[in-house]
Every structure is written in C-alpha cells, then in structure tokens.
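Me: I would like to learn how to read a structural model feature by feature, with the general idea given before the particular case. Could we work through one together?

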Amino acid sequence: MKIRQLPPVVVNRIAAGEVIERPAAALKELVENAIDAGAGRIEIVLRDGGQSLIAVADDGGGMSRDELELAVERHCTSKLPDDDLLEIKALGFRGEALPSIGAVSRLRIVSRPRVGAEGAESAWEIAVEGGLKRAPIPAAHPPGTRVEVRDLFFATPARLKFLKTPRSEQGQALDAVKRLAMACPGIAFTVLGDEERVLLRLPAALTREARLAALLGRDFAENSVPVAASRDGFALSGLIGLPTLNRGLPRDQYLVVNGRPVRDKLLVGAVRGAYQDVLARDRHPVVALFLDGPPAEIDVNVHPAKAEIRFRDAGLVRGLIVGALRHALEAAGQRASTTVSAGALAAFRAPDGGAGGAPGGAMRRFAFPPPLPPRALAEAGNAFLAPTAEDLPEDALPEDAVLGAARAQLHGTYILAETASGIVLVDQHAAHERLVYERMKEALARHGVARQTLLLPEIVELDPGLALRLAARAGELAEFGLVLEAFGSGAVIVREVPALVPGLDVKALVRDLADELAEWGDALALKERIESVCGTLACHSSVRAGRRLTAPEMDALLRQMERTPNSGQCNHGRPTYVMLALSDIERLFGRR
Ligand SMILES: Nc1ncnc2c1ncn2[C@@H]1O[C@H](COP(=O)(O)OP(=O)(O)OP(=O)(O)O)[C@@H](O)[C@H]1O
Ligand SMILES: [Mg+2]
C-alpha cells in the first residue's frame, strides 16, 4: 500500500467525527461562533431535534464575501491573531467547526458585515454540501449571519445510526444552548422547535443572577447560597444549591471557566467532594459556578469539542473549589431547602384545590431560621447516646433553643417540638446521624477516635477481593476506631470498634465500607475518604427510626442539633427537620 495525503473532504469528515458528535455539538459550535462575533441576539431553530435543520441567526459582526469563502476552509480562523495558544480569548480558535459541519451536512451561510465595516453594502451566501464547496452568490440579508445546517450526517450514514430520538437530541441541543446562555447573560436567546414551538426564550439579562434565575428557576433562586473565593489569580463565584435541593443526575451543574462552559472531570470531582459530606452518593447538587483565572494557567486546547480543559495547577483549583463550597454550605448552616416545607404545606392543603402551585408569600414564611453560630461540639459536651441527668433541660429553655421543647414522639420516628412561634418536626434518625457524624469528625480532628475492644472479635466474610482491599486500609480505618485485619482469604476479623458507637452492627458496617472502597477506589483524596468512612459509621450508629425516646432524650437531641454545624440535613442531603410557623398553621385552618 502506498502512503498518500488524504483528500480534504476525507480529512474534514475525520475531524467532524470528533468535533460534531451529534446535533447538539454542531449547534454549540454555531452558537459559539455567534457569541465570538459579538452578537447581542441569537435566534435558533431546530427541526427533528436538529437532524433535519439547525439554523442559527445572529446580529454580530458578519462576514464579507472573501471572509465567507475562507470561513468554510479548514484551519481558517480570525481568532488567533498572534498565533498564541496560551492567550485564547475567544470560544473558537481551531478553525475547524464550519469545514467539519460542511463535510457531513448541507451547510448554507448568509452573512453581511456590520454597518461601516468593509463589504457592509451587500450580503453573500455560500453553500457546502457533503464537503463540496460552491462559489458565493449575492443574497439579501441584514447585517449579521445566518447559518443553516440541513440533513446533518447525510454524508456519513454510520453516524446517523447513532443518533437518539429527535426528542432526546433536542434535549441535548437545548442543554448546550443553556450552558452558553449561562456564560453570556447579556445575550438574548430564542430557540424554536418543530411547529415554531418556543423551547427557550431568554431576554438579555442585566446581571448574571437574573440569567441564573431564568435558567434554573425559582426553586434554585430560593434554595441556593452564594460562593465567592479567590486564590493565586483564580477567582470563583456563583451560586450553589442547598444539599436538600438535589437531583438524580448531575445535569444541573453549570461550570464556566473564563467564559467557556465546560464539563471538566476535575471540576465535577471537586463539586462532588465538596458535597460529599452532606449528600448521598447517588444524588447530585445543583450548582452554577464561574471560575476566572490567568489564560496561561488553563489549557483549553486539549479536547476536540473544547468541552474539557486542563489546569496547570489542578490541586490549587480543586482546593479553591472544595474550600469555597464547603465554607458556603457551612455558613448556610441549619437551612434546608424551602421546597421541603412548601411541599409539605401544599400536601396539607390538598383537599381544597390548594395543592400544586406554591402560593408565593405564605410559602416564604416557611423559610428556615437563620444559621446558628457553629459552636465547638466540645461545648455541647456529653455524648448524645446516653443523655444523663445533666443533659436535662431546665424548666426554661435556653435562649437560643430555636428548635423548641420536645412534646411528643410520633410513630417512633419523629419528634414533635413546640417553639415560641410554631412547631418543629424532626426526623430522629436523620438528625442523629448528622450529630454523630459531626462529632466523629471533630473528635478525629482533635485526637482520633477512642476505641473499644470487642469481647468476641467479629469475623466478617466478604468477597476475597474486597477483603484484601479493606485489609489494605487497616491503618486508616484504625484511626476511626475500627481495628481489623485479614482473616484467611475472603474474610476480615474485627477486634476493636469506635467507642462512641454502642450497639453497632459490625457486619453491616464492614460490608458497607468494603463496597464503598470498591466503588471509590483511590479516586478520593484521603480527607474525603475519611469523611466518607465517618458518614458510613454515623449511619450505622444512629438512632434508628422506630426507637422510643424519652422526653429528656428528645430534648437533648434538639439541643445538640442547635449546636451542631450542618444539622439542617443528614449526610444524605435529606432535611433533618421542618419548621412550620404558627401563622402558617393558622392559615391552614383558615384563621387568617
Ligand atoms: N456567526 C459568525 N459571524 C461572524 N463570523 C463568523 C461566524 N461564524 C464563523 N465566522 C468566521 O469563520 C471563522 C471560522 O469559523 P469556525 O467555527 O470554523 O472556526 P473558529 O470559530 O475560528 O474555531 P473553532 O473551530 O474552534 O470553532 C471564524 O474564525 C470567524 O472568523
Ligand atoms: Mg467556531
């Protein structure tokens, strides 16, 4: 076989294979071009999820006849004036998107430069069909550009077969637009679908917050906290959802780096790490984060579709994000998402058609009390599990007892408390789990966890691989008070357990830990692994639902919650309590 240079059409189709994976990718490239062209308004039309038509019209700088001819050629770009890949300021820079799209579809571009610019007197149109470029022809068009992509992948039938349903492709395309819209609040966006249905309409926003609210909805606006931090030339800002506002998929995580929406593993991992403490592993927080840093520290040229980036100092960025998010979550303290109590109230109201929409003003009153000062747990003193006479509340409640006095335990699961201005319903298992967890972290930070020797060592049988893995971590686990070693193949023997966890189900704990290690492997930083172990321990040691509590025990639990950081939600992001104001209860009964 002779070696030869491939013809341009083939080269472009190969490039398209990487850059244009599906309609959403083509749309992303076109919208990025419109943004780079300085558009103030971008109008998009999708037919059949983008497969039969993607049209993007902008009022940006436009192109002259000569520029149009170049634009569809490979490696032609206006965005790298100094050939400097370290100082990339535009979203595009590869000069590949249009020729790639042209190689696998029927592409048509009509454009006219801005008033005053060269060539502004006339519009021109150019077409590329399956890589075949036609000569420009005169056209009628206002200043700006309109790009139409028809029959995407008609020239590469293999790719066509991989497309999902139009509905699913449309969803992905819309998601791509939303991510860009998040990064560019000042630009107005419209997306029309089949039969001119409006899929998205975003007016130009004055602030980033306004755009976030338009994209993520009121739930997010009401249940998020601001983040702001900077370090070594990097600045992080944005809004992050409270743990109780969580999702089954990580889709609602918007990350924008230097104006570019990205799906970066490092960033996603950092967000996960920051929430690990307060969210179950299969739930995902909602975040909109904006990171700005020196372009030379961020390599954007590592991914054909420019979706991933690389940081020169990954540790710095990760630390900045994890630190800032945890700080913000801790400051949010007791707040759990208002959707929880709003939902509860809607359910209460159901008989009289009040269900469904959350009536505005009344709902806001269900907001949670302001965060309590996170006081050292040491001050709280004694162990919760065995409240002693000293724990008993005096007749009068302490002044800062915002969770009130326990009045009843319901169904062996919930504590009902009375406050000066309402009632509080506490999930005893969720609350206790959080308390144990925070205490364990505290104790660990100060002097390691006290251990207690089992009179009869417990042998736990496991899959041999898991047993090995667990035994390999024996040193770390001992720090948490769990002393174990390999026992033959396929089992471990547990000799000591954490002292603050009486009545622990050792077998269940060890199996959970083994599963966890298998799942996380070495992907987690040591600190996060430690916290993850604490979380598992806490879950196993908590007051299970169904256990009867005495009144002093219940009050002790409430007082400890007040003194514990993050106690508004359990380790899995479920709220630990809901609070109803008297005024709202009165409203329920039509007294107001
Ligand atoms: N909507 C538009 N308005 C004005 N000029 C445009 C528009 N779209 C493309 N161009 C011009 O065509 C050139 C080629 O576009 P193309 O998307 O192929 O490459 P790029 O944006 O430079 O880089 P990348 O491949 O990374 O997107 C751009 O550099 C720009 O000068
Ligand atoms: Mg481009």
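**Salt bridges, the ligand shell and backbone angles**

Reply: Let us begin with one residue and its exposure: at 32% relative accessibility, Lys133 counts as partly exposed. Please keep in mind throughout that this is a predicted model.

Me: With which residue does Lys133 form a salt bridge, and how far apart are the closest N and O atoms?

Reply: A salt bridge is read from a side-chain nitrogen of Lys or Arg within 4 Å of a carboxyl oxygen of Asp or Glu. Here the partner of Lys133 is Glu73, with the closest N and O atoms 2.7 Å apart. Lys133 lies in strand S5 (residues 132-133) and Glu73 in the loop between helix H3 and H4, so the pair ties together parts that are 60 residues apart in sequence. Glu73, at 34% relative accessibility, also counts as partly exposed.

Me: How many salt bridges does a search of the whole structure find?

Reply: The search finds 31 salt bridges. One of them joins the side chains of Glu29 and Lys306, with N to O at 3.2 Å. Since Glu29 lies in helix H2 and Lys306 in the loop between strand S17 (298-299) and strand S18 (310-311), this pair ties together parts that are 277 residues apart in sequence.

Me: Is Glu29 buried or exposed, and is Lys306 buried or exposed?

Reply: The term buried applies under 20% relative accessible area. Glu29 is buried, with a relative accessible area of 2%, and Lys306 is buried as well, with a value of 5%.

Me: How many residues apart are Arg559 and Asp555 in helix H18?

Reply: For a pair within a helix, it helps to look at the spacing in sequence together with the contact itself. Arg559 and Asp555 are four residues apart in helix H18 (residues 551-563), and are therefore separated by about one helical turn. Their side chains meet in a salt bridge, 3.6 Å from N to O. Arg559 counts as buried at 9% relative accessibility, and Asp555 is buried with a relative accessible area of 8%.

Me: Which residues are joined into one network by salt bridges that share partners?

Reply: The network consists of Arg108, Glu125, Arg146, Glu148 and Arg150, which are joined through salt bridges that share partners.

Me: How many residues surround ligand 1, and which are the closest?

Reply: To read a ligand site, one can list the surrounding residues and then turn to individual atom pairs. Ligand 1 is surrounded by 21 residues, of which Thr77, Ser78, Lys79, Glu96 and Lys306 are the closest. By class, this shell holds eight nonpolar, seven polar and six charged residues. Lys306 thus appears both in the shell and in the salt bridge with Glu29.

Me: Which side chains place an N or O atom 2.6 Å or 2.8 Å from an oxygen atom of ligand 1?

Reply: An N or O atom in the side chain of Lys79 is 2.6 Å from an oxygen atom of ligand 1, while for the side chain of Asn33 the corresponding distance is 2.8 Å. The backbone takes part too, with a polar backbone atom of Phe93 lying 2.9 Å from an oxygen atom of the ligand. The protein covers 93% of the 590 Å² of accessible area that ligand 1 has on its own. Two or more residues of the shell come from each of helix H2 (23-36) and helix H4 (97-104), and H4 gives the most, with three residues.

Me: Where does Arg41 lie, and which residues does Arg41 touch, not counting residues up to four places away in sequence?

Reply: Arg41 lies in strand S1 (residues 41-47) and counts as partly exposed at 45% relative accessibility. With residues up to four places away in sequence left out, Arg41 touches Ala57, Asp58, Asp59, Ile187 and Ala188. Its side chain also makes a polar contact of 3.0 Å with the side chain of Glu43.

Me: What is the phi of His75, and what is the phi of Asp232?

Reply: Most residues other than glycine have a negative phi. The phi of His75 is near 60°, a positive value, and the phi of Asp232 is near 45°, likewise positive. His75 sits in the loop between H3 and H4 and is exposed, with a relative accessible area of 54%. Asp232 is found in the loop between strand S10 (224-231) and strand S11 (234-241), and counts as exposed at 61% relative accessibility.

Definitions and conventions
Residues numbered from 1 in each chain as written. Chains lettered and ligands numbered in written order. Predicted model: local features only at pLDDT ≥ 70, side-chain atom pairs only at ≥ 80, totals over all residues. Heavy atoms only, no water. Near = heavy atom within 4 Å. Polar contact = N/O pair within 3.5 Å; in protein donor to acceptor, adjacent residues only side chain to side chain. Areas by Shrake-Rupley, 256 points an atom, 1.4 Å probe, with all protein chains shown as cover. Nonpolar A, V, L, I, M, F, W, Y, C, P; charged D, E, K, R; others polar. Buried < 20%, exposed > 50% of the residue type's maximum accessible area, 1.4 Å probe, protein only. Contact = heavy atoms within 4.5 Å.
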